[in-house]
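User: I've got this model open and I'd like a close look at one part of the chain. Could you walk me through one buried loop position, and then work outward from there?

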Amino acid sequence: MKNNRRLIHTVLLGMLVCTGVISGCSEKMAPSNSVRMAVPPDYPPYAYLYQGKLTGIDLELGEMIAKEAGRELRIVNGNFSELVDLVRQKKADMAICALAITPERREAVLFSDPYEFAGQTFLVRSGENIRYLTDMKGKTGFRVGAETGSTGYTLIAKYLQGNAVPIRLTGYVGNREAVKALLQKQNDAVILDPLVARCLQMEYPGKLEILRDLLNHEEFAVAVSRGDPSLLAAANRVIHRLWKSGELYALQEKHMKQSLTAGGRNVH
């Protein structure tokens, strides 16, 4: 009987360890063997379709991080404006798509060390004598398009109004839609990241120009779920190696050229 009681006690104790303290057990369990990466399907050169496959600077970076973590990469498609929420809601483990580090986003996710330093700039139509931000001051009713949820969208109104530039800001689902509106003269400028601006400019030779100064300075990083610090560590190891080897610049060069080839087929 004593042996039976001892056996029952041992079984109950084991159940308590993995039920009453089950949160502790589950937190210590090995992470899933996959990494769910949230990314928009059309954000060249960071993410875009090439020969029927989703690729880009951030896709290659995501693959390296998943491999470093010993896990398999899975793609979760989402609009740019919902990427951070997908990670916060644990519908994705990380998001990579030219995501600038901001205090608001830091409240929702963990950020890796930066893998790119950039800032917001403007695309304008060629031939309209707009080269710098100051050239916009005399433009009454200036119309600016921006991707909803981007740092450019949240920044532009405050900055331009503070510099006495009357504007009308319109949000779009993606940068391409904003640029189409610009070419159709529904907007006067589109605010976006410099590499994205360069890619879109090259898709329309002679029709678009990039302003020669930046509106701000930003750091792009990988957004990681707060419940996955090991994935964050893997991201930082990869980013440090790429900075040290110079591969980040090679990735930019590769996908700037490749996305131009793909973009000509996808835009129109």
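Analyst: Let's start with Ala 100. Setting aside neighbours within four places in sequence, Ala 100 is in contact with Arg 105, Phe 111, Thr 151, Glu 218, Glu 219 and Phe 220. Keep in mind that this is a predicted model. Ala 100 sits in the loop between strand S5 (94–95) and helix H5 (103–106). With a relative accessible area of 3%, under the 20% cut-off, Ala 100 counts as buried. One of those contacts spans a good stretch of chain: Ala 100 and Glu 219 are 119 residues apart in sequence, yet their C-alphas are 5.3 Å apart in space. That pair goes along with a trend in the whole chain, where 76% of the contacts between residues at least 6 apart in sequence join residues at least 24 apart.

Now step back along the chain from Ala 100. Cys 97 is buried, at 0% relative accessibility. Cys 199 counts as buried too, at 1%. As for disulfides, the structure holds 0.

Next comes Met 94, where strand S5 (94–95) begins. Met 94 is among the residues with the most contacts inside the largest nonpolar core, along with Tyr 46, Leu 61, Ile 65, Tyr 115 and Val 222. That core has 61 residues, and its largest share, 6 residues, comes from H9. In soluble globular proteins, nonpolar side chains tend to be buried together. Ile 65 gives you a handy view of how the core is put together: leaving out residues up to four places away in sequence, Ile 65 touches Met 94, Ile 96, Val 222, Leu 231, Ala 234, Ala 235 and Val 238. Apart from this core lies another, of 14 residues, including Val 124, Met 136, Val 144 and Ala 189.

Ile 65 brings us to helix H3. The buried residues of H3 are Ile 57, Asp 58, Leu 59, Glu 60, Leu 61, Gly 62, Ile 65 and Ala 66. An α-helix has 3.6 residues a turn, so residues three or four places apart point the same way. Leu 61 and Ile 65 from that buried list are also among the residues with the most contacts in the largest core. In length, H3 has 12 residues and reaches 17 Å from its first C-alpha to its last, close to the 16 Å expected. Just after H3, Gly 70 takes a positive phi of about 75 degrees.

Right next door in the sequence is Arg 71, whose side chain meets that of Asp 228 in a salt bridge (3.1 Å, N to O). The pair links distant parts of the chain, 157 residues apart: Arg 71 is in the loop between helix H3 (57–68) and strand S4 (72–77), and Asp 228 is in the loop between strand S14 (223–224) and helix H9 (229–245). Both Arg 71 and Asp 228 are buried. So where do the loop after H3 and the loop before H9 get tied together? At this salt bridge between Asp 228 and Arg 71.

The count of salt bridges comes to 13, and two others deserve a look. Asp 42 and Arg 176 meet through their side chains at 2.6 Å, N to O. Asp 42 lies in the loop between strand S1 (34–39) and strand S2 (48–50), while Arg 176 is in helix H7 (residues 175–183), so this pair ties together parts that are 134 residues apart in sequence. Asp 42 is partly exposed at 36% relative accessibility, whereas Arg 176 is buried at 10%. Asn 175, also in helix H7, is buried with a relative accessible area of 7%. Neighbours within four places aside, Asn 175 is in contact with Tyr 43, Glu 147, Ile 191, Leu 192, Val 196 and Leu 200.

The other one is Arg 125 with Glu 128, whose closest N and O atoms are 2.8 Å apart. Through shared partners, salt bridges join Arg 125, Glu 128, Arg 143 and Asp 188 into one network. Arg 125 is buried, with a relative accessible area of 10%, while Glu 128 is partly exposed at 27%.

For the wider setting, the protein chain has 10 helices and 14 strands. Of its 268 residues, 47% count as buried. The chain exposes about 13800 Å², with carbon and sulfur atoms supplying 53% of that area.

How values were computed:
Residues numbered from 1 in each chain as written. Predicted model: local features only at pLDDT ≥ 70, side-chain atom pairs only at ≥ 80, totals over all residues. Heavy atoms only, no water. Helix = DSSP H or I, 4+ residues; strand = E, 2+ residues; numbered from the N terminus. Buried < 20%, exposed > 50% of the residue type's maximum accessible area, 1.4 Å probe, protein only. Contact = heavy atoms within 4.5 Å. Areas by Shrake-Rupley, 256 points an atom, 1.4 Å probe, with all protein chains shown as cover. Disulfide = S-S within 2.5 Å. Salt bridge = Lys/Arg side-chain N within 4 Å of Asp/Glu carboxyl O. Expected span 1.5 Å × (residues − 1). Core = buried A, V, L, I, M, F, W, Y, C linked by side-chain atoms within 4.5 Å.
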